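Visitor: I am new to this structure and would like to learn how to read its features one at a time. Could you show it to me and then guide me through it?

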Amino acid sequence: MSNHESNHRARKRFGQNFLHDQHVIARIVKAITPREGQVLVEIGPGKGAITQPLLEACSQLTTIEIDRDLAAILRSRFAEYPGFRLIEQDVLEFDFASLNAPPGSLRILGNLPYNISTPLLFHLLRYHHLIADMVFMLQLEVVDRLAAQPGDPEYGRLSVMMQYHCKVEKLFKVPATAFVPQPKVESAIVKLTPWRPLPHPAANVDTFATVVRTAFNQRRKTIRNTLKNLLSSEQLANLELDLSLRPENLSLADYVRIAAILDQKSGVM
Ligand code: SAM
């Protein structure tokens, strides 16, 4: 490790917790199983803890890092790897379509900055058609929200929107001791694989997203109350759902059905 590298002070505003546990790093790389020829993109390479073993396994790797000091460390550390590419940018503003990758080919991974994880997951969902899969380290609580089922306390907008687009697999937990500095929360690895085809396709995904957002904006209310601004009482009756249920009790298929009724109303086929 160079002086420059060891002198880098972790920046809280960039959610920097660097992995240093080689056993955990090896487990993450195994979960990714990188192969030569795949289109790999790492978000937040940091000092290169996962980058190094990935580059050993798969000579082409694109990374996206916001911190200029870390970018300088990475450029010098991986100077000998011609397939290493670094994009110095805020990933929330990065257009993944600009990579010109074939549909369904991107393998996106990273030990994500926890402070932007929810907006980042929604940003990535816009590119679901380009993505083969995603393997991320996230705060355990966020992984539990991604994987939650109706009735679970963590079930919400993030669960429904992610499960609409992706199969969600919680792989394993990672203790805080695996990082420097140690985060105050537990972490876990999750694998997200875009469905092809979608199990519950909506005619109009924007309508579906509006229904889900509207419902969970007031998650304590009954769906009779949360949906009354979107649907007439006749349409509500046609849903054949118990209207005294709360948003957290409805399945993905229920939300798609509600969106279909709204689309009929506005003439979207
Ligand atoms: N991959 C490294 C590791 O495992 O040791 C670092 C992980 S650290 C949790 C998160 C990384 O994401 C940091 O390198 C941080 O600078 C970077 N980062 C934070 N916000 C970012 C953003 N908006 N766009 C791109 N990278 C970002």
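Guide: Let us begin with a term that will be needed shortly: two strands pair if DSSP finds at least two bridges between them. Please also keep in mind that this is a predicted model. As an example of a bridge, Leu40 has Leu61 as its bridge partner in β3, and in β5 the bridge partner of Leu40 is Arg107.

Visitor: Which elements and how many of them are there in the protein chain?

Guide: The protein chain holds 11 helices and nine strands. Its C-alpha trace spans about 70 × 40 × 30 Å along the principal axes, and 49% of its 269 residues count as buried. Among the contacts with a separation of 6 or more, 68% are accounted for by residues 24 or more positions apart.

Visitor: How should I read the pairing of strands in a sheet?

Guide: Strands of a sheet pair through backbone hydrogen bonds, either parallel or antiparallel. In this structure, seven strands form an open sheet with mixed pairing, and their order is β4-β3-β2-β5-β6-β9-β7. The edge strands, each pairing on one side only, are β4 (84-88) and β7 (166-174). From one strand to the next, the twist averages 20°.

Visitor: Which strands are joined to β2, and by how many bridges?

Guide: Strand β2 is joined by four bridges to β5 (residues 106-111), and these two run parallel; four bridges also join β2 to β3 (residues 61-65), again with the strands running parallel. Further along the sheet, β3 and β4 pair in the parallel sense over five bridges, and Thr63 has Leu86 as its bridge partner in β4.

Visitor: Is β2, then, largely enclosed or open to the outside?

Guide: A residue counts as buried when its relative accessible area is under 20%. Four of the five residues of β2 (residues 39-43) are buried, and this strand is therefore largely enclosed by the rest of the structure.

Visitor: Which helices pack on the sheet, and which strands do they touch?

Guide: Helix α4 (residues 68-77) packs on the sheet and touches β3 and β4, with its direction making about 165° with that of β4. Helix α5 (residues 117-125) also packs on the sheet, where it touches β2, β5, β6 (131-139), β7 and β9 (187-194), and the direction of α5 makes about 175° with that of β6.

Visitor: How do I describe two helices that pack against each other?

Guide: Two packed helices are described by the angle between their axes and the distance between the axes. Take helix α7 (residues 157-165) and helix α8 (residues 205-217), which pack at an angle of about 160° with their axes 9 Å apart. Angles over 145 degrees count as roughly antiparallel, and α7 and α8 are therefore roughly antiparallel to each other. Their crossing is right-handed. On the α7 side the contact is made by Arg157, Val160, Met161, Tyr164 and His165, and on the α8 side by Val205, Phe208, Ala209, Val212, Arg213 and Phe216. Sorted by class, this contact has eight nonpolar, one polar and two charged residues.

Visitor: At what angle do α6 and α7 pack?

Guide: Helix α6 (residues 140-147) packs with α7 at an angle of about 60°, and their axes are 7 Å apart. That angle makes α6 oblique to α7. The contact brings together Val142, Arg145, Leu146 and Ala147 of α6 with Leu158, Ser159, Met162 and Gln163 of α7. By class, it has five nonpolar, two polar and one charged residues.

Visitor: Where should I look for details of the backbone in the loops?

Guide: Let us take the peptide bonds before the torsion angles. A cis peptide bond, with omega about -10°, joins Val180 and Pro181, and Pro181 lies in the loop between β8 (179-180) and β9. Another cis peptide bond joins Arg196 and Pro197, with omega about 0°; Pro197 is placed in the loop between β9 and α8.

Visitor: Which residues other than glycine have a positive phi value?

Guide: Among them is Thr33, with phi near 40°, in the loop between α2 (22-32) and β2. Glu240 is also one of them, with phi near 55°, and Glu240 is found in the loop between α10 (233-238) and α11 (252-266).

Visitor: Are Thr33 and Glu240 buried or exposed?

Guide: Thr33 counts as partly exposed because its relative accessibility is 36%, whereas Glu240, at 72% relative accessibility, counts as exposed.

Key. Residues are numbered from 1 along each chain as its sequence is written. This is a predicted model: local features need pLDDT of at least 70, side-chain atom pairs count only at pLDDT 80 or more; totals for chains, interfaces and linings use all residues. Side-chain values use heavy atoms; hydrogens and water are left out. Axes are lines fitted to C-alpha atoms, for helices over the stretch in contact, and angles run from 0 to 180 degrees between N-to-C directions. Angles under 35 degrees count as roughly parallel, over 145 as roughly antiparallel, 65 to 115 as roughly perpendicular and the rest as oblique. A crossing is left-handed if the near helix is turned anticlockwise from the far one by less than a right angle, and right-handed if clockwise. Contact means heavy atoms within 4.5 Å. Ala, Val, Leu, Ile, Met, Phe, Trp, Tyr, Cys and Pro count as nonpolar, Asp, Glu, Lys and Arg as charged, and the others, Gly among them, as polar. Buried means under 20% relative accessible area, exposed over 50%, partly exposed in between (1.4 Å probe, protein chains only).
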